[in-house]
Amino acid sequence: MENVTILTHPLIQHKISLLRDKNTGTNEFRSLIGEIAMLMGFEALRDLPLEDKEVETPIETCMTPMITGKKMAIVPILRAGLGMVNGILSLVPSAKVGHIGLYRDEETHEPHEYYCKLPSPIDQRTIVVTDPMLATGGSAVSAIDFIKEHGGKTIKFMCIIAAPEGLERLHKAHPDVQIYVGHLDRCLNENAYICPGLGDAGDRIFGTK
Ligand code: PRP
Ligand code: URA
């Protein structure tokens, strides 16, 4: 699938395996989510444009590459996407942060919006949407619909675990969005949870339930 990158780095794979373990507690789970987001961000941002700038070293003046061009916005899908923000901010501290609040209805599995706030204007920014879980894809598609309605154009979506169903739905709805996946899992179960997955990401990050 064009515009879909599955990240195979051993550090990412190892840390995802630790996340899956039901005995991994909240504190460690939250740290791992942040570390994985940083490692994934390192890959997902490898196309940031560079421009040579003049710098004076203690020895001489030289032209040396620096990141240029579009500014960035990180947009987590609440709640679980919040866990990935600091990992990416540690790479790009100047990024602005928007928020999209969505929860899945337990019966229909359809997303419901309860809060949205984006940096304005958004159209000139590279937007990185974060959510650890891409299950049916409903939340990711709605979040990106909303961002596009508000003028967002250059959008990347980062998830730690995806189900094939969600990946296909998101790619079909938004073929222009670059999607980065930590691991592609087997399938969804009857409750639209990812198998083998890691359970409810929001609850495990925030210690609820
Ligand atoms: C989870 C997860 C995604 C969504 C994925 O959030 O963090 O946002 O489900 O499912 P989908 O691809 O089928 O839409 P949830 O609705 O449980 O909210 P929470 O993060 O507040 O717990
Ligand atoms: N949301 C989660 O947190 N986990 C899943 O497996 C599916 C949706």
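Which backbone atom lies 2.8 Å from an oxygen atom of ligand 2? In this predicted model, the match is a backbone N or O atom of Ile 194. Ala 201 does much the job of a second partner here: one of its backbone N or O atoms also sits 2.8 Å from an oxygen atom of ligand 2. Gly 199 joins in through a polar backbone atom, this time 2.8 Å from a nitrogen atom of the ligand. On its own, ligand 2 would expose 230 Å², and the protein buries 89% of that.

So much for single contacts; now for the surroundings. The space that ligand 2 takes up is the largest pocket. Around the ligand are Arg 104, Met 133 and Ala 135, then Ala 192, Tyr 193 and Ile 194, and finally Gly 199, Asp 200 and Ala 201. Sorted by character, this shell comes out as six nonpolar residues, one polar residue and two charged ones.

Aromatic rings are the other topic. A pair of them is described by how far apart the centres are and by the angle between the planes. The structure holds one such aromatic pair. It is made by Tyr 103 and Tyr 114, with ring centres 6.2 Å apart and planes at 35 degrees, so the pair counts as tilted. With planes under 30 degrees apart it would have counted as stacked, and over 60 as edge-to-face. Tyr 103 belongs to strand 6 (residues 99-104) and Tyr 114 to strand 7 (residues 111-117), so the pair ties together parts that are 11 residues apart in sequence.

Note on methods. Residues numbered from 1 in each chain as written. Chains lettered and ligands numbered in written order. Predicted model: local features only at pLDDT ≥ 70, side-chain atom pairs only at ≥ 80, totals over all residues. Heavy atoms only, no water. Near = heavy atom within 4 Å. Polar contact = N/O pair within 3.5 Å; in protein donor to acceptor, adjacent residues only side chain to side chain. Areas by Shrake-Rupley, 256 points an atom, 1.4 Å probe, with all protein chains shown as cover. 1 Å grid on protein atoms, 1.4 Å probe; cavity = no way out; pocket = protein on both sides within 12 Å on 5 of 7 lines; lining within 4 Å. Sits in = over half its atoms within 2 Å of the grid points. Nonpolar A, V, L, I, M, F, W, Y, C, P; charged D, E, K, R; others polar. Phe/Tyr/Trp six-rings, centres within 6.5 Å; stacked < 30°, edge-to-face > 60°. Helix = DSSP H or I, 4+ residues; strand = E, 2+ residues; numbered from the N terminus.
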